[in-house]
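Student: I should like to go through the pockets and the ligand site of this structure, and to hear the reasoning behind each term.

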Amino acid sequence: MEVRVFKDYEELSKNTADFILKCISNKPDALLCLAAGDTPRGTYEQLVRMKNQTAINNCRFVGLDEWAGMDEKDEGSCKNFIYNELFYPLSIKKENYSFFDARAEDLQAECRKADDYILKNRAIDFSLVGLGLNGHIGFNEPGTPFDSYSHVVELDEVTKTVGQKYFKGEKVLDKGITLGLGHMMESKCLMLIASGLKKAQIIKRVVEGDISEEVPGTLMRIHKNSFIFLDRDAASALQEYNR
Ligand code: F6R
């Protein structure tokens with residue numbers, strides 16, 4: 001695991017976007033898994049800004065997670081965010097992405113579909129994930145096995161409360177659907193990004209605490225090709241950066 005610290009959110013976003021573009025320059029039809037949420041917003045802005053210099057629209061994409069019962073029409077959903085911030089501005093073709101249909105009646109079938117899609121593509125080439133305040137990755141909440149695949153989740157209380165920030169009015173957020181930590185472990189390159197003082201304590205647990213399924217983010221430490229990109233605020237509780 002390699003940790004890199006950048007002076008602020010803008011530098012973090014620029015460097016993350018550059019890293020993604022470098023990865024795909026080696027494999028133009030790479031399968032990417034990109035998180036929604038506030039943290040990657042700046043990275044996606046950078047990717048859109050550089051769209052004429054990149055071949056990202058030849059890549060394929062698999063959705064990381066979604067709030068159960070929501071689709072792209074729901075403002076605040078993961079799909080709505082990724083489609084609007086990335087896929088529409090980059091003119092990504094529909095056949096190049098595969099996302100959970102979190103409105104489907106049979107969510108277990110959606111899980112099997114995602115697992116099959118990834119298997120057929122022989123694993124994800126590059127995953128970009130954020131970190132929940134409870135240490136979650138995707139909607140892999142504390143206690144999720146490191147070898148899990150797609151599953152339906154009863155969301156943690158922290159996720160239900162923090163998740164309200166994505167929506168205009170109050171939302172009932174009880175379940176989610178997510179790729180598993182096994183998918184992240186098998187991802188050929190795994191990158192986690194975090195920004196801001198509010199992430200400093202959970203980043204400290206991820207980087208310096210015990211490796212445990214109670215803090216899903218600690219799987220970064222057992223992955224063979226993983227990177228954590230932070231801004232100074234998110235890194236501010238780490239011993240190594242504050243000696
Ligand atoms: C979103 C996702 C979540 C977020 C995490 C951090 O697709 O998978 O795990 O990455 O909750 O969210 P932000 O970036 O909003 O702090």
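Tutor: The model is predicted. Its largest pocket holds about 580 Å³ of space. This pocket is lined by 35 residues, and A36, G37, D38, K165 and Y166 are the closest to its centre.

Student: What makes a residue part of the lining?

Tutor: A lining residue has an atom within 4 Å of a grid point of the pocket. For the largest pocket, 35 residues line the space.

Student: Which helices and strands supply at least two residues each of this lining?

Tutor: They are β4 (65–67), α3 (78–90) and α5 (157–162). The largest share, five residues, comes from α3.

Student: How is the lining of the largest pocket divided by class?

Tutor: There are 14 nonpolar, 13 polar and eight charged residues. Gly counts as polar in this scheme.

Student: How do you know which space is taken by the ligand?

Tutor: A molecule sits in a pocket if more than half of its atoms lie within 2 Å of the pocket's grid points. The space taken by the ligand is the largest pocket.

Student: Which residues come nearest to the ligand?

Tutor: T39, D65, H136, Y166 and K199 come nearest, out of 15 residues around the ligand. By class, this shell has five nonpolar, six polar and four charged residues.

Student: Why is the pair formed by K199 and the ligand called a polar contact?

Tutor: The term requires a pair of N or O atoms within 3.5 Å. An N or O atom in the side chain of K199 is 2.7 Å from an oxygen atom of the ligand, so the pair meets the cut-off. The side chain of K165 likewise places an N or O atom 2.8 Å from a ligand oxygen, and for G138 a backbone N or O atom lies 2.8 Å from an oxygen atom of the ligand. The protein buries 93% of the 410 Å² that the ligand exposes when taken alone.

Student: What is the volume of the second largest pocket, and which helix gives the most to its lining?

Tutor: The volume is about 170 Å³, and helix α1 (residues 9–26) gives the most, with three residues. Among the lining residues are F19, C23, F126 and K188. By class, the lining has eight nonpolar, one polar and three charged residues.

Technical notes:
Residues numbered from 1 in each chain as written. Predicted model: local features only at pLDDT ≥ 70, side-chain atom pairs only at ≥ 80, totals over all residues. Heavy atoms only, no water. 1 Å grid on protein atoms, 1.4 Å probe; cavity = no way out; pocket = protein on both sides within 12 Å on 5 of 7 lines; lining within 4 Å. Points joined across faces, edges and corners; volume = space filled by probe spheres on them. Helix = DSSP H or I, 4+ residues; strand = E, 2+ residues; numbered from the N terminus. Near = heavy atom within 4 Å. Polar contact = N/O pair within 3.5 Å; in protein donor to acceptor, adjacent residues only side chain to side chain. Areas by Shrake-Rupley, 256 points an atom, 1.4 Å probe, with all protein chains shown as cover.
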